[in-house]
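Me: I would like to go through the side-chain contacts in this model, one at a time. Please give the reasoning with each reply.

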Amino acid sequence: MMTIMPVIVMIFVFVPAIVLMVSMPYLTRETISFGVTISPVQFHSEPLRQMRKSYARISATLHTILFIVCIICLLYGDEHSKQQSWIIVTYSLAMVVISLVINISYHFKMKSLLPMLPIALEPSIMAVDTGFRKRNIGLSSNWFLIHVLIIVVTIVTVLRNYDLIPDQIPIHYNSSWNVDGYAAKSYSTVFMPTIMQVLITLLFIFENWSIRRVKQQVQPTDPNRSIRQDVTYRRTWSYFMITASFLIVILFSVVQLNMISLLNMNFAIPIILIIIALIILYAFALSFWAGQGGSRLERSADSSNVRPVHDDKWLLGMFYFNRKDPNLIVEKRLGVGWGLNFGHPVSWLFWLGIIVLLVVVR
């Protein structure tokens, strides 16, 4: 039986992600090209312009083909089984693999092309923002007290109405939003959304804290501009962390209130879909507006031919591994945002925690 709902979800969730992946070379700093350190003059050279166009063209073609295949499979898949869920999971993995293959391929192309680009000067000075820690970079973590209040109110509401929860709790819906999976009523099942709320809130508190402490990248040729870009970039993403985590907490509260029939399913589902769409579109808009590190916020009239200090601790231009760097969070070289220092022991504990969480939730 054909259904259009999975297609709508796919469009809202994955199309923005595809556009971001295709646009990746245009969102990075002008001193980074496919994970390789270059100068702004080299970034704007004709060979690299053509390489970015080639990347966008190949990436868009492959991701579009994969997306269309996934849509066809969803339309003709069995909505009364878990087949559609597996189709989406398989598509997500395939999308990640394709993106990795393309990025690694262009990273090596970039390294081979670098000797043929205009020669860039090595930096003779290093710029440091000594007032970095004193700046009003982002929102205070006290804003997360609102999240705590919502979680507490939800817990109290569920406990007061615990007897109203049916013995079999719906935990899975097909594409027509009919229940096709149940779990026996228990405190662990009922309060699983609460556990997710707490973990999500802690994660975003850490992210918001990290945004204010990740080391800066100040360009010696125009330090004031790069500092302004960096501060605005961090501040806007701090706003995003607070807002997105708030919406996710609301989402899980809606799921719990639906268990005790305080919210009608026809009302709860649109709220959940709207929340997911808002978060995705918010991140999408910020990425294109600011670029990586705020590189799109304030363009320089003159491009410098000074190549920043090269950092050789990046594997394939994507994964940062430096045991001597005390920073757990670093700015990404590919894409927008921040990533982990895989040389830091805490990063492996972080991934172990995610694996354990996925196993428990499953």
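Me: Is Phe34 buried or exposed?
Reply: This is a predicted model, and the relative accessible area of Phe34 in it is 3%. The cut-off for a buried residue is under 20%. Phe34 is therefore classed as buried.

Me: Which type of aromatic pair do Phe34 and Tyr55 form?
Reply: The structure holds 15 aromatic pairs. In the pair of Phe34 and Tyr55, the centres are 5.4 Å apart and the planes meet at 50°. Planes under 30 degrees apart would count as stacked and over 60 as edge-to-face, so the pair is tilted.

Me: How many residues apart in sequence are the parts that Phe34 and Tyr55 tie together?
Reply: Phe34 lies in the loop between E1 and strand E2 (36-37), whereas Tyr55 belongs to helix H3. Tyr55 is buried, at a relative accessible area of 1%. Because one partner is in that loop and the other in the helix, the pair ties together parts whose separation in sequence is 21 residues.

Me: What is the angle between the ring planes of Trp314 and Tyr320?
Reply: Trp314 is buried with a relative accessible area of 14%, and Tyr320 is buried with 2%. Their ring centres are 5.0 Å apart. The pair is tilted because the angle between the planes is 50°.

Me: Which residue joins Phe14 and Phe67 in one aromatic cluster?
Reply: Phe14 and Phe67 belong to one aromatic cluster. The cluster also includes Tyr91.

Me: How many salt bridges does a search of the whole structure find?
Reply: One of them joins Glu331 to Arg29, with the closest N and O atoms 2.6 Å apart. Another is formed by the side chains of Arg234 and Asp230, at 2.7 Å from N to O. The search of the whole structure gives a total of two.

Me: How many residues apart in sequence are the parts tied together by Glu331 and Arg29?
Reply: Glu331 is buried at 7% relative accessible area, and Arg29 also counts as buried, at 7%. Glu331 lies in strand E7 (residues 329-331), while Arg29 is in the loop between helix H1 (5-27) and strand E1 (32-33). The pair therefore ties together parts with a sequence separation of 302 residues.

Me: Which helix holds both Arg234 and Asp230?
Reply: Arg234 counts as buried at 1% relative accessibility, and Asp230 is buried at 3%. The two are four residues apart, which puts about one helical turn between them. The helix spans residues 223-259 and is H8.

Me: Which residue provides the backbone oxygen that lies 2.8 Å from a polar atom of the side chain of Thr61?
Reply: Thr61 is found in helix H3 (residues 46-75) and counts as partly exposed, with 41% relative accessibility. A polar atom of its side chain lies 2.8 Å from a backbone oxygen. That oxygen belongs to Arg57.

Me: How far apart in space are Thr61 and Val22?
Reply: In sequence, Thr61 and Val22 are separated by 39 residues. From C-alpha to C-alpha, their separation in space is 9.5 Å.

Me: Over the ring of which residue does the charged end of Lys109 sit?
Reply: The charged end of Arg52 sits over the ring of Phe43, at 4.0 Å from its centre. For Lys109, the charged end is 4.4 Å from the centre of the ring it sits over. That ring belongs to Tyr106.

Conventions:
Residues are numbered from 1 along each chain as its sequence is written. This is a predicted model: local features need pLDDT of at least 70, side-chain atom pairs count only at pLDDT 80 or more; totals for chains, interfaces and linings use all residues. Side-chain values use heavy atoms; hydrogens and water are left out. A salt bridge is a side-chain nitrogen of Lys or Arg within 4 Å of a carboxyl oxygen of Asp or Glu. Buried means under 20% relative accessible area, exposed over 50%, partly exposed in between (1.4 Å probe, protein chains only). A polar contact is a pair of N or O atoms within 3.5 Å; within protein, one must be able to donate a hydrogen and the other to accept it, and residues adjacent in sequence count only if both atoms are side-chain atoms. Rings of Phe, Tyr and Trp (its six-membered ring) pair if their centres lie within 6.5 Å; planes under 30 degrees apart count as stacked, over 60 as edge-to-face and the rest as tilted. A charge sits over a ring if NZ of Lys or CZ of Arg is within 6 Å of the ring centre and within 35 degrees of the ring normal.
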